[in-house]
Amino acid sequence: MKRKPRINQIIKQVSEYYDVGFRHINDKNRKHNKTIIKPRFMIYYICRKIIGYSVTHICKILNRNRSTVERGIKTFESWLQSDNILSLQLTQVKFRIDMFA
């Protein structure tokens with residue numbers, strides 16, 4: 001049975017896919033532009049909804065509060081419903097994670 005990927009592996013694959021540095025993904029700076037927000041919310045979503053990490057664990061590793069992570073997951077889910085390109089990107093990132101996990 002395959003181990004579930006670590007959160008740092010997920011961050012690495014999402015960061016590389018979107019060509020955004022880890023420092024920017026995990027930055028506390030409130031730059032709300034989509035180049036940072038989309039990958040960050042994708043990390044929350046993958047960790048919780050696909051891999052199954054608890055919100056508490058995600059918050060601890062990413063140094064975020066619970067409401068931030070939960071809001072990010074809900075926002076990402078709503079984006080997925082209306083954005084086929086984002087859905088394709090998620091599939092590609094999941095494939096990368098599976099290959100390198």
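**View 1. Helix α4 has an exposed side and a buried side.** In this predicted model, Thr56 and Lys60 are exposed on one side of α4. The buried residues of this helix are Val55, Ile58, Cys59 and Leu62. Those four cover an arc of only 100° around the axis, so they sit on the same side of α4. Thr56 and Lys60 belong to the other side.

**View 2. Ile61 is a partly exposed residue of α4.** Helix α4 spans residues 55-62, and Ile61 is part of it. Is Ile61 buried, exposed or partly exposed? Its relative accessible area is 35%. Buried needs a value under 20% and exposed a value over 50%. Ile61 therefore counts as partly exposed. Look for its contacts next. Setting aside residues up to four places away in sequence, Ile61 touches Ile7 and Asn8. Both partners lie in helix α1, which covers residues 7-18. Of these two, Ile7 is listed among the buried residues of α1. Now trace the chain to Asn26. Ile61 and Asn26 are 35 residues apart in sequence. In space, their C-alpha atoms are 9.9 Å apart.

**View 3. His57 is another partly exposed residue of α4.** His57 lies in helix α4. Its relative accessible area is 31%, so His57 is partly exposed. How far apart in space are His57 and Cys47, C-alpha to C-alpha? The distance is 9.4 Å. Along the sequence, the two residues are ten places apart.

**View 4. Asn63 follows α4 and has a positive phi.** Asn63 sits in the loop between α4 and α5. Its phi is near 55°. That is a positive value in a residue other than glycine. Most residues other than glycine have a negative phi.

**View 5. Asp19 follows α1 and also has a positive phi.** Find the end of α1, then step to Asp19. Asp19 is in the loop between α1 and α2, a helix of residues 22-25. Phi of Asp19 is about 55°, although Asp19 is not a glycine. Is Asp19 buried or exposed? The relative accessible area of Asp19 is 72%, so Asp19 is exposed.

**View 6. Helix α1 runs from residue 7 to residue 18.** This helix has twelve residues. From first C-alpha to last, α1 reaches 17 Å. That is close to the 16 Å expected at 1.5 Å a residue. Which residues of α1 are buried? They are Ile7, Ile10, Ile11, Gln13, Val14, Ser15 and Tyr18.

**View 7. Gln89 of α6 meets Tyr18 in a polar contact.** Gln89 is found in helix α6, residues 84-100. With a relative accessible area of 15%, Gln89 falls under the 20% cut-off, so Gln89 is buried. The side chains of Gln89 and Tyr18 are joined by a polar contact of 2.8 Å. Tyr18 is itself one of the buried residues of α1. Gln89 is also in contact with Tyr17, Lys38 and Met42, leaving aside neighbours within four places in sequence.

**View 8. Helix α6 has its buried residues on one face.** This helix has 17 residues. Its span, first C-alpha to last, is 25 Å, close to the 24 Å expected. Leu86, Gln89, Leu90, Val93 and Ile97 are its buried residues. Seen down the axis, they fall within an arc of 105°, so they line one face of α6. The face turned away from this buried side carries Asn84, Ile85, Phe95 and Met99, which are exposed.

**View 9. Asp83 caps the N-terminal end of α6.** Which residue supplies the backbone nitrogen at this cap? The nitrogen belongs to Ile85. A side-chain oxygen of Asp83 lies 3.0 Å from that atom. Ile85 is one of the exposed residues of α6.

**View 10. Helices α5 and α6 pack roughly perpendicular to each other.** Helix α5 covers residues 66-82. The axes of α5 and α6 are 6 Å apart, and the packing angle is about 115°. The two helices are therefore roughly perpendicular. Where they meet, α5 offers Phe76, Trp79, Leu80 and Ser82. On the α6 side, the residues are Asn84, Leu86, Ser87 and Leu90. Of these, Leu86 and Leu90 are among the buried residues of α6, whereas Asn84 is exposed.

Terms used
Residues are numbered from 1 along each chain as its sequence is written. This is a predicted model: local features need pLDDT of at least 70, side-chain atom pairs count only at pLDDT 80 or more; totals for chains, interfaces and linings use all residues. Side-chain values use heavy atoms; hydrogens and water are left out. Buried means under 20% relative accessible area, exposed over 50%, partly exposed in between (1.4 Å probe, protein chains only). Contact means heavy atoms within 4.5 Å. The arc is that of the directions from the helix axis to the C-beta atoms. A polar contact is a pair of N or O atoms within 3.5 Å; within protein, one must be able to donate a hydrogen and the other to accept it, and residues adjacent in sequence count only if both atoms are side-chain atoms. The expected span of a helix is 1.5 Å times one less than its number of residues. Axes are lines fitted to C-alpha atoms, for helices over the stretch in contact, and angles run from 0 to 180 degrees between N-to-C directions. Angles under 35 degrees count as roughly parallel, over 145 as roughly antiparallel, 65 to 115 as roughly perpendicular and the rest as oblique.
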